[in-house]
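Hi,

Here is the structure I promised to pass on to you. Have a look at it first, and then read on for what turned up in it.

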Amino acid sequence: VIIAILTVVSKEHEMQRTFVAKNEERGKTWDREWYVVNADGKRLGRLASEIAFILQGKHKPIYTPHVDTGDYVIVINAEKVALTGQKWDQKLYQRHTGYIGSLKEIPYRKLIERRPTLPVREAVRRMLPKTKLGRRMLRKLKVYAGPIHPHIAQNPKELEL
């Protein structure tokens with residue numbers, strides 16, 4: 001009688017196992033997709049947060065925080081990204097040369113003329129983890145100023161954000 005009670009109790013406390021993705025299982029269990037995003041007229045911050053979400057793999061049921069399960073993202077028309085309010089003139093990008101008193105500031109309007117892909121790349125980079133894993137995720141982001149990109153062979157899916 002005691003043995004029968006123990007087996008019933010053990011079945012009631014049986015738990016389901018949680019799937020944890022591992023780097024060595026990539027290709028067998030999951031594969032990476034390629035997405036293309038048109039940034040024309042999209043708000044910079046909202047676009048960047050959605051792209052960071054995909055790069056991290058949070059849109060997949062196999063998401064694991066310590067494994068890069070994300071997909072590749074191609075951003076086209078990065079020079080046509082939109083900003084709200086007075087940010088064209090008031091938003092500043094800063095960098096430091098490493099020397100005393102050498103903080104360089106450039107407004108968004110001038111930056112988009114010189115390096116049109118940098119605002120999108122920087123916005124996404126700042127939304128990813130600040131670790132080796134985040135740097136690896138950022139390598140899966142491809143940003144292009146115009147509508148043409150060289151990744152046709154990967155058959156990217158159109159992603160509407």
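Let's start with a small puzzle: is glycine 70 buried or exposed? Bear in mind while you look that this is a predicted model.

Glycine 70 is buried, with a relative accessible area of 0%. You'll find glycine 70 in the loop between α2 and β2. Leaving aside residues up to four places away in sequence, glycine 70 touches Arg32, Ile54, Leu55, Gln56, Gly57, Lys60 and Lys140. For a sense of scale, try picking out glutamate 113 as well: glycine 70 and glutamate 113 are 43 residues apart along the chain, and their C-alpha atoms are separated by 31 Å.

Next up is helix α5, which covers residues 118-125. How many of the residues of α5 are buried? Six of the eight are, so this helix is mostly covered. The buried ones are Leu118, Pro119, Val120, Glu122, Ala123 and Val124. And what covers them? The cover includes the helices α2 (44-56), α4 (108-114) and α6 (132-138), and the strands β2 (72-76), β3 and β5 (141-143) are part of it too.

Arginine 121 also sits in helix α5. With 28% relative accessibility, arginine 121 counts as partly exposed, because partly exposed is the range between under 20% (buried) and over 50% (exposed). Not counting residues up to four places away in sequence, arginine 121 touches Leu138, Leu141 and Val143. If you want another long distance to check on screen, go from arginine 121 to glutamine 16: they are 105 residues apart in sequence and 40 Å apart in space, C-alpha to C-alpha.

Now for the charged pairs. How many salt bridges does the structure hold? There are eight, and a few of them are worth a look.

Two involve glutamate 122. One is with arginine 125, where the closest N and O atoms are 2.8 Å apart. Arginine 125 and glutamate 122 are three residues apart in helix α5, so about one helical turn separates them. The other is with arginine 126, and here the closest N and O atoms are 3.3 Å apart. Glutamate 122 counts as buried, at 15% relative accessibility. Its two partners come out as partly exposed: arginine 125 has a relative accessible area of 37%, and arginine 126 has 45%. Elsewhere, salt bridges with shared partners join Arg32, Asp68 and Lys140 into one network.

Another pair to find is glutamate 160 and lysine 42, whose side chains meet in a salt bridge at 3.6 Å, N to O. This pair links distant parts of the chain, with the two positions 118 residues apart in sequence: glutamate 160 is in the segment after β6 (157-158), and lysine 42 is in the loop between β1 (34-38) and α2. Glutamate 160 is exposed, with a relative accessible area of 62%.

There is also a charged patch on the surface. Which residues form the positive patch? They are Arg95, Lys104, Lys110 and Arg114. Take arginine 95 as one of them: its place is in strand β3 (residues 92-96). Arginine 95 is exposed, with a relative accessible area of 54%.

Last, two asparagines with backbone angles to look up. Asparagine 77 has a phi near 60°, a positive value in a residue other than glycine. Asparagine 155 has a positive phi as well, near 50°. Where are they? Asparagine 77 is in the loop between β2 and α3 (87-90), while asparagine 155 is in the loop between β5 and β6. Are they buried or exposed? Asparagine 77 counts as buried, at 7% relative accessibility, whereas asparagine 155 counts as exposed, at 62%.

Have fun clicking through it!

Cheers

Conventions:
Residues numbered from 1 in each chain as written. Predicted model: local features only at pLDDT ≥ 70, side-chain atom pairs only at ≥ 80, totals over all residues. Heavy atoms only, no water. Patch = residues over 30% accessible without salt bridge, like charges linked within 9 Å, V, L, I, M, F, W, Y side chains within 5 Å. Areas by Shrake-Rupley, 256 points an atom, 1.4 Å probe, with all protein chains shown as cover. Salt bridge = Lys/Arg side-chain N within 4 Å of Asp/Glu carboxyl O. Lys, Arg positive; Asp, Glu negative; His and termini not counted. Charge placed at Lys NZ, Arg CZ, Asp CG, Glu CD. Helix = DSSP H or I, 4+ residues; strand = E, 2+ residues; numbered from the N terminus. Buried < 20%, exposed > 50% of the residue type's maximum accessible area, 1.4 Å probe, protein only. Contact = heavy atoms within 4.5 Å.
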